[in-house]
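Please look through the structure shown here slowly, with the sequence beside it. The explanation below moves from strands to helices and then to single residues.

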Amino acid sequence: MANEIRVSTSGDLLTANILAKELELLLHQKPFALDLMTFRGDVRGSGSDTIKVRQIDQDDIGVVVAEGASIAGNTALTDASYTITPARIAIKRTFSDMMGIVDSTGLIDEVALARYNFMAIMKGVHALFATATQSLTGTAGTTGVDMSASDFFVAQQALQSRKANGRVIAHLHQEQFNNLQTDLRGEVGPWQLVPAVQEALAFKGDNFKGMLNGVEIWTSDQAPDVNAGADHGGAMFVKGAIAYAQGSAKPVQMRGRSIAPGGVIYTDVDMNVDSAEESLVTNGFFGVSVAQAAMGIKIITDHA
């Protein structure tokens, strides 16, 4: 037989590919850092680009004074402060009018791209937060060694020793949590009988992995590399250890600005009539600072 009609021999009769109607998402990490930090205000209309937060120590102890005796001396208030300066985080996308015409995904328009840009700004804030965790006081874990249950206890006990009470959070890289799970499998002793330890082996989810010893465990691929990439930089801290501030923009309709009522992140659209292109620039002004370094501790363990 010859001249059979087959796909392999009918190139001129077929297009090279046909696109499926569905749009699939690649692997990605959703940012969640705002929930782990304390909000300290907005600089809009304040007359300054910096917020200064005042702090005071209430840990003074009164002394026993004998009847008729004078107090030995005056005790001054112990105070401190930290500052947060919101700075610009931005992302730009440019597309041609022709691409907007032929697009079949629904993504190549101002509104859809602005939504994607919003997530990118939030990931930028998360990066600031992840970097700030590496300025917390002290370190649990050992460089080049997988994270273990012992590292978890060292971090938790350090916070207990410092009287850092409140909502305790662990921010770990996925690899650190995987290593912790592996170590929990071999845990022998009273702790292995605690339901939370057993549940930690089965926790799944995008970001929040559950509770262990009363500590919230969150994982993120934005936990930074440290020690020249040899280790991951996780942390355990009490909410309030790290704070953020923002600068919300004023709505400007005449320039094609898109901003939700009461929103902080905004998108400006610019049209280039010469090249028949549109550019979208999305901006957000955020700042992150360590409020009390002793309210947290770094967890430094092996990268892989």
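What follows is a guided walk through selected parts of this model.

The model is predicted, so that local features need pLDDT of at least 70 and side-chain atom pairs count only at pLDDT 80 or more, while totals for chains, interfaces and linings use all residues. Residues are numbered from 1 along each chain as its sequence is written, and side-chain values use heavy atoms, with hydrogens and water left out.

A good place to begin is strand 15, which covers residues 296-302 and is mostly covered, since 7 of its 7 residues are buried. Helices (H or I, at least four residues) and strands (E, at least two) are DSSP runs, numbered from the N terminus, and buried means under 20% relative accessible area, exposed means over 50%, and partly exposed lies in between, with a 1.4 Å probe and protein chains only. Strand 15 pairs with strand 5 (residues 139-140) in the parallel sense over 2 bridges, where two strands are said to pair if DSSP finds at least two bridges between them. Within this pairing, A140 has I299 of strand 15 as its bridge partner. Strand 15 is also joined by 7 bridges to strand 10, and these two strands run antiparallel; here the bridge partner of G233 is I300 in strand 15.

The residue T139 belongs to strand 5 and is partly exposed, with a relative accessible area of 44%. Leaving aside residues up to four places away in sequence, T139 touches I297, K298 and I300, a contact meaning heavy atoms within 4.5 Å. T139 and G233 are 94 residues apart in sequence, and their C-alpha atoms are 9.7 Å apart in space.

A second strand to follow is strand 11, residues 242-247, which is mostly covered, with 6 of its 6 residues buried. From this strand, I242, Y244 and Q246 point one way and A243, A245 and G247 point the other way, and all are buried. Strand 1 (residues 38-42) pairs with strand 11 in the parallel sense over 3 bridges, and in strand 11 the residue Q246 stands opposite D42. Strand 11 is joined by 6 bridges to strand 14 (residues 277-290), and the two run antiparallel, with A243 standing opposite S289 of strand 14.

The helices can be considered next. Two packed helices are described by the angle between their axes and the distance between the axes. For helix 3 (residues 149-161) and helix 4 (residues 174-185), the axes come within 8 Å and cross at roughly 110°, where axes are lines fitted to C-alpha atoms, for helices over the stretch in contact, and angles run from 0 to 180 degrees between N-to-C directions. Helix 3 is therefore roughly perpendicular to helix 4, given that angles of 65 to 115 degrees count as roughly perpendicular, under 35 as roughly parallel, over 145 as roughly antiparallel and the rest as oblique. The contact is made by A149, S150 and F152 from helix 3 and by L180, D183 and L184 from helix 4.

Two loop residues can be read alongside these helices. S148, in the loop between strand 5 and helix 3, is buried with a relative accessible area of 16%, and, not counting residues up to four places away in sequence, S148 touches L180 and D183. E187 lies in the loop between helix 4 and helix 5 (195-200), and with the same sequence neighbours left out, E187 touches A149 and Q192. E187 and V264 are 77 residues apart in sequence and 46 Å apart in space, C-alpha to C-alpha.

The backbone of another loop also deserves attention. Most residues other than glycine have a negative phi, and most peptide bonds are trans. N227, in the loop between strand 9 (225-226) and strand 10 (231-238), has a positive phi near 55° and is partly exposed, with a relative accessible area of 44%. A228 is found in the loop between strand 9 and strand 10 and has a positive phi near 60°, and at 89% relative accessibility A228 counts as exposed.

The walk ends with D268, which is placed in strand 13 (residues 266-272) and counts as buried at 17% relative accessibility. A polar contact of 2.8 Å joins the side chains of D268 and R257, a polar contact being a pair of N or O atoms within 3.5 Å, of which, within protein, one must be able to donate a hydrogen and the other to accept it, and residues adjacent in sequence count only if both atoms are side-chain atoms.
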